[in-house]
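I opened this entry to record what I looked up in the model, beginning with the ligand.

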Amino acid sequence: MKIVCCRTFGPPQTLERIEIDAPVPGPDEVLVEVHAAGVGFVDGLMIQGLYQVKPPLPYYPGSEFAGVVAQVGSGVADFHVGDRVLGIANNGAFADQLTIASDKLVKVPNNLSAQVAAGFFINYATALYGLRDCGKLQAGETVLILGAAGGVGSSAISVAKAMGAIVIAAASNAEKRQAALSFGADYCVDYSDPNWRQALKTLTGKQGLDVVYDPVGGDKAEPAFRSLAPGGRFLVVGFAAGEIPRIPLNLALLKRSAIVGVDWGGEMRANPAINQTLMTTLMQWVRDGTLKPAPVQSRPMSDYQQSLTDQLAGRVVGKLVLTNA
Ligand SMILES: NC(=O)c1ccc[n+]([C@@H]2O[C@H](COP(=O)([O-])OP(=O)(O)OC[C@H]3O[C@@H](n4cnc5c(N)ncnc54)[C@H](OP(=O)(O)O)[C@@H]3O)[C@@H](O)[C@H]2O)c1
């Protein structure tokens, strides 16, 4: 079977797609025929050795996927051959097949396509954990989502709408803002405009924002923080802009607002049961139509190098997934 391999840290062009023996599931493991795998900004950092966790080499990129169960190992009772599943892996999802512990899998509802399911786990778990558990977002509150047309941003739009919030999407160009509106955002702002806070003031009036969801950082964070209402919550999700913002703490005092770190990966390592709780809620919302996941952009698995290049450059609109034919 084919798998994408990183032998040395470097740009996407240094990756290769190689042939290896098909894996065999061990006890409590499942062999999954991968139909599609999600691509995220983190994958682009991992292959360059630039992420906070540096994997041993050779490294096989790809950490979320959807597909069909092809074989089950001994002791697996909850999954059967033919089940549609999605899951997270430590690595190796940019492949034809993978083996995975059965407790890392979730059954896919009939109304969720393999493409959307492939890019679901990481971003939707982060959005629910971030908005509900860290941000205490309430129905009727107003949330600003930065980088709203990206993978993390588009899932946050869907989850915030499922929670009954009013969503303002910030993105850098007209195509991305249009996409954010199509994903369910109520309003959008152009945060490449130096006076974009004025657009926020026009939308929120004297009230201000209740929550900011920030996977971008850089020079976008402080204006967003300054636009919070008293009692607001600023959720630190990521730094796709590359620069870690330094917000003066007197602002938190004057705004009576909180800066809250959203580290879903760290929370998962400290409290492994959290994913089951998050996914149970998310899958129920998908089944009953409360959650309408944003459409994704699909490309063939063979396009892995260009896809990672576009992802790192912020050129992708929506969540990107790589599909096996
Ligand atoms: N905290 C967690 O648990 C968690 C979980 C998953 C991911 N993350 C983090 O979330 C961030 C976003 O990930 P993602 O997969 O959603 O990425 P993405 O799809 O590429 O979206 C990121 C967005 O950031 C904006 N951006 C601004 N400056 C950029 C730059 N210099 N390069 C690239 N993008 C830039 C772009 O939107 P505009 O063009 O509209 O500005 C882009 O659409 C990453 O930092 C990732 O590590 C955190």
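I looked up the ligand surroundings: 29 residues surround the ligand (C-beta atom, placed from the backbone, within 6 Å of it), and the closest are Gly147, Gly150, Val152, Gly238 and Gly314. The elements giving two or more residues to this shell are helices H1 (41-46), H3 (121-134), H4 (151-162) and H9 (264-270), where helices are DSSP runs of H or I with at least four residues, strands are runs of E with at least two, and both are numbered from the N terminus. H4 gives the most, with three residues.

I noted that the model is predicted: local features need pLDDT of at least 70, side-chain atom pairs count only at pLDDT 80 or more, and totals for chains, interfaces and linings use all residues. Residues are numbered from 1 along each chain as its sequence is written.

I then checked the domains, whose bounds come from an automatic or database domain assignment. Domain 1 (2-120 + 294-323) and domain 2 (123-265) both give residues to the shell, so the ligand lies between them.

I turned to helix H5 (residues 174-182), where Lys176, Arg177, Ala179 and Ala180 are buried (20 or more other C-beta atoms within 10 Å of the residue's own, these atoms being placed from the backbone). They cover an arc of only 160° around the axis (taken from the directions from the helix axis to the C-beta atoms), which puts them on the same side of H5. The face turned away from this buried side carries Ala174 and Glu175, both exposed (12 or fewer such atoms). Just after H5, I found glycine 184 with a positive phi of about 120°.
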